[in-house]
Amino acid sequence: MIMRILGEGQYEVTDEHLNRLNELDTVLQSAADAGDEAAFTTPLSALLDAVRSLGTPLPDERITPSDLVLPDADTSLAQVRALLSYEGLIPG
């Protein structure tokens with residue numbers, strides 16, 4: 001799966017890591033549902049860090065459609081809430 005972090009780049013993440021990313025996404029969803037801006041930044045950072053560490057960065061010159069687009073770390077709670085579906089940021 002190709003994941004883009006806005007303003008940063010794309011990462012190829014294998015299916016074996018999707019369960020871990022979904023766990024982090026669930027924590028992020030809970031913080032967003034609670035409307036707690038302070039509690040929300042930690043799981044967002046953890047999710048993005050996991051994509052960076054578990055994924056393989058794609059070269060900037062390679063143009064590939066993204067399967068999933070994630071907000072950057074500076075995105076506000078209100079902006080992320082607008083992006084969330086009932087499955088969170090990462091479907092599955």
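This report describes the strands, helices and nonpolar core of one protein model.

## Model and confidence

The structure is a predicted model. Its mean pLDDT is 87, and 90% of the residues reach 70 or more. Among the elements, strand 3 has the highest mean pLDDT, at 97, whereas helix 3 (residues 77-83) has the lowest, at 78.

## Strand pairing

Strand 1 covers residues 2-5 and strand 2 covers residues 9-12; the two pair in the antiparallel sense over 4 bridges. One of the residues involved is Ile-2, whose bridge partner in strand 2 is Glu-12. Strand 1 and strand 2 form a hairpin with 3 residues between the strands, and in this hairpin Gly-7 takes a positive phi near 75 degrees.

Strand 2 is also joined to strand 3 (residues 56-57), by 2 bridges, and these strands run antiparallel. Here Tyr-11 has Pro-57 of strand 3 as its bridge partner.

## Helix 1 and its surroundings

Helix 1 consists of 17 residues, from 18 to 34. From its first C-alpha to its last, helix 1 reaches 24 Å, close to the 24 Å expected at 1.5 Å a residue. Just after helix 1 comes Gly-35, which takes a positive phi of about 70 degrees.

Several residues of helix 1 are buried, including Leu-18, Leu-21, Leu-24 and Leu-28. The buried residues also include Asn-22, Asp-25 and Gln-29, as well as Ala-31 and Ala-32. As to their neighbours, the buried residues of helix 1 pack against strand 1, helix 2 (37-54) and helix 3.

## The nonpolar core

In soluble globular proteins, nonpolar side chains tend to be buried together. The largest nonpolar core of this model has 20 residues. Those that touch the most other members are Met-3, Val-13, Leu-21, Phe-40, Leu-47, Val-51 and Leu-70. At least two residues of this core come from each of strand 1, helix 1, helix 2, strand 4 (68-70) and helix 3. Leu-21 thus appears in two descriptions: it is buried in helix 1, and it is listed among the core residues that touch the most other members.

## A residue at the surface

Is Ser-53, a residue of helix 2, buried or exposed? Ser-53 has a relative accessible area of 58%, and it counts as exposed because this value lies over the 50% cut-off. Between Ser-53 and Leu-70 there is a separation of 17 residues in sequence and of 15 Å in space, C-alpha to C-alpha. Leu-70, by contrast, belongs to the largest nonpolar core.

How values were computed
Residues numbered from 1 in each chain as written. Predicted model: local features only at pLDDT ≥ 70, side-chain atom pairs only at ≥ 80, totals over all residues. Heavy atoms only, no water. Pairing = 2+ DSSP bridges. pLDDT = per-residue confidence, 0-100. Expected span 1.5 Å × (residues − 1). Buried < 20%, exposed > 50% of the residue type's maximum accessible area, 1.4 Å probe, protein only. Contact = heavy atoms within 4.5 Å. Core = buried A, V, L, I, M, F, W, Y, C linked by side-chain atoms within 4.5 Å.
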